[in-house]
Amino acid sequence: MTIQWYPGHMHKAQKEIKQALPDIDLIIEVVDARIPYSSANPVIADLAENKGISKPIIKLMNKTDLADPARTAQWCEYLEKQQGVKALPVTAQSPEQVKKVIGLCRRLAPQRTTKELPVRAMIMGIPNVGKSTIINILSQKTIAKVGNEPAVTQRQQRIDLKEGVILFDTPGILWPKIDNTHSSYRLAISGAIKDTALDYEDVAFYAIEYLLKNYQSLLAEHFKLDEHELASYQSESWMALELIGRLRGCLKAGGRIDMDKVCKILIHEYRAGNIGKITLESPAMIEKELIEVAEM
Ligand code: GDP
């Protein structure tokens, strides 16, 4: 699967962020807790890797209501120990949880927590991770435009949270950097990539294979399938899609399975969290994939 990549945007965003860095105290990077690696901010990753960022980074792991709690805990530990960032799991469904980031900002920049000298926090994230929703919760106003389609355009904003913290919303749109095919599939499954760019069948085939390997019981329970029968489809995952299609009445003339319809059902029900709390990647998987990419 190929996904369009925008080096021009990336270059511009990197330049703007680098220029702003001296005037900010810390970075809040919003990621999707279901894909903490694949939804990470490419500009920050590049800057941290190549030039070093001396500012504290808070990874706000949003959408934990949709993620596997055990994996979220694993990711938080990994990010803090391996990447030296502060990980804060949150869901927009719990504004109180989100607001904890204000206290964290104040603790990470103790030299600036007064009204005269507030903490200057830059908030960023690739489209659809929930950045606008988070900003709205923190500012208790509806300033940022929230959309369920990725890439809702936003203007740069300076938002005084009046608790000794000022938020600077990053200008422009940060596209995900896709250097790993697995990441592009996971971004597509999660909904971070515009639906018009999707080949549902391709994405759903990847998803069903992953779900059969990692979340077979949830899959069986949600689609009312026999778990033993499902287990026998491990090596022929398309058969599991056919089974779901038959159960959901996705049939074409002549009784053939309407694969396009089944694939859409699988992806949409995953995104809505109906299949269960499911995370699409683990630190161990990413480490293994990065070695494979390096060896290619
Ligand atoms: P942005 O592009 O990063 O600014 O993302 P938005 O704030 O527009 O959110 C994208 C979609 O994700 C919207 O449909 C939000 O309602 C939804 N969303 C945001 N945060 C959460 C969350 O914690 N849990 C769930 N389930 N959905 C969320």
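## Exercises on a predicted protein model

In residues 149–155 the pLDDT (the predictor's confidence in each residue, from 0 to 100) stays under 50, and the model has 16 contacts for them beyond four places in sequence. Two residues are in contact if their C-beta atoms, placed from the backbone, lie within 7 Å.

Some ground rules before we start. This is a predicted model, so to speak of a local feature we need pLDDT of at least 70, and side-chain atom pairs count only at pLDDT 80 or more, while totals for chains, interfaces and linings use all residues. Numbering starts from 1 along each chain, following the sequence as written.

**Exercise 1. Find where the confidence of the protein is lowest and where it is highest.**

Step one: take the overall view. The mean pLDDT of the protein is 87, and 86% of the residues score at least 70. The model scores are ipTM 0.99 and pTM 0.90.

Step two: go element by element. Helices (H or I, at least four residues) and strands (E, at least two) are DSSP runs, numbered from the N terminus. Helix α2 (residues 42–50) has the lowest confidence, with a mean of 68, and strand β3 (residues 86–89) has the highest, at 98. Residues 1–5 have pLDDT below 50, and this stretch has 10 contacts in the model beyond near neighbours in sequence.

Step three: read with care. Where pLDDT is low, don't read the predicted coordinates in detail.

**Exercise 2. Describe the make-up of the protein: how many helices and strands are there, and what share of the residues is buried?**

Step one: count the elements. You'll find 12 helices and six strands.

Step two: check burial. A residue is buried if 20 or more other C-beta atoms lie within 10 Å of its own, exposed if 12 or fewer, and partly exposed in between, with C-beta atoms placed from the backbone. Of the 296 residues, 38% count as buried.

Step three: look at the contacts with a separation of 6 or more. Residues 24 or more positions apart account for 69% of them.

**Exercise 3. Work out which residues of helix α10 are buried, and where they sit around the axis.**

Step one: list them. In α10 (residues 237–247) the buried residues are S237, A240, L241, I244 and G245.

Step two: look down the axis. They span an arc of only 145°, so they lie on the same side of α10; the arc is that of the directions from the helix axis to the C-beta atoms. As background, an α-helix has 3.6 residues a turn, so residues three or four places apart point the same way.

Step three: see what this side meets. The buried residues of α10 pack against α7 (200–214), α8 (216–223), α9 (227–231) and α11 (259–271). Just after α10 comes G249, with a positive phi of about 70°.

**Exercise 4. Compare two helix pairs: at what angle do α10 and α11 pack, and at what angle do α4 and α5 cross?**

Step one: get the geometry of α10 and α11. Their axes are 9 Å apart and they pack at about 95°. Axes are lines fitted to C-alpha atoms, for helices over the stretch in contact, and angles run from 0 to 180 degrees between N-to-C directions. The two helices are therefore roughly perpendicular to each other. Angles under 35 degrees count as roughly parallel, over 145 as roughly antiparallel, 65 to 115 as roughly perpendicular and the rest as oblique.

Step two: name the partners. L241, I244 and G245 of α10 make the contact with M259, V262, C263 and L266 of α11. By class, that is six nonpolar, one polar and no charged residues. Here Ala, Val, Leu, Ile, Met, Phe, Trp, Tyr, Cys and Pro count as nonpolar, Asp, Glu, Lys and Arg as charged, and the others, Gly among them, as polar.

Step three: repeat for α4 and α5. Their axes come within 9 Å and cross at roughly 80°, which makes α4 roughly perpendicular to α5. On the α4 side P95, V98, K99 and I102 meet I134, I137 and L138 of α5. This contact has six nonpolar, no polar and one charged residues.

**Exercise 5. Decide whether N128 is buried or exposed, and whether K162 is buried or exposed.**

Step one: place them. N128 is in the loop between β4 (119–124) and α5 (131–139), and K162 is in the loop between β5 (157–160) and β6 (165–169).

Step two: count neighbours. N128 has 23 other C-beta atoms within 10 Å, so N128 is buried. K162 has 12, so K162 is exposed.

Step three: check the backbone. Most residues other than glycine have a negative phi. Yet phi is positive in N128, near 75°, and in K162, at about 60°.
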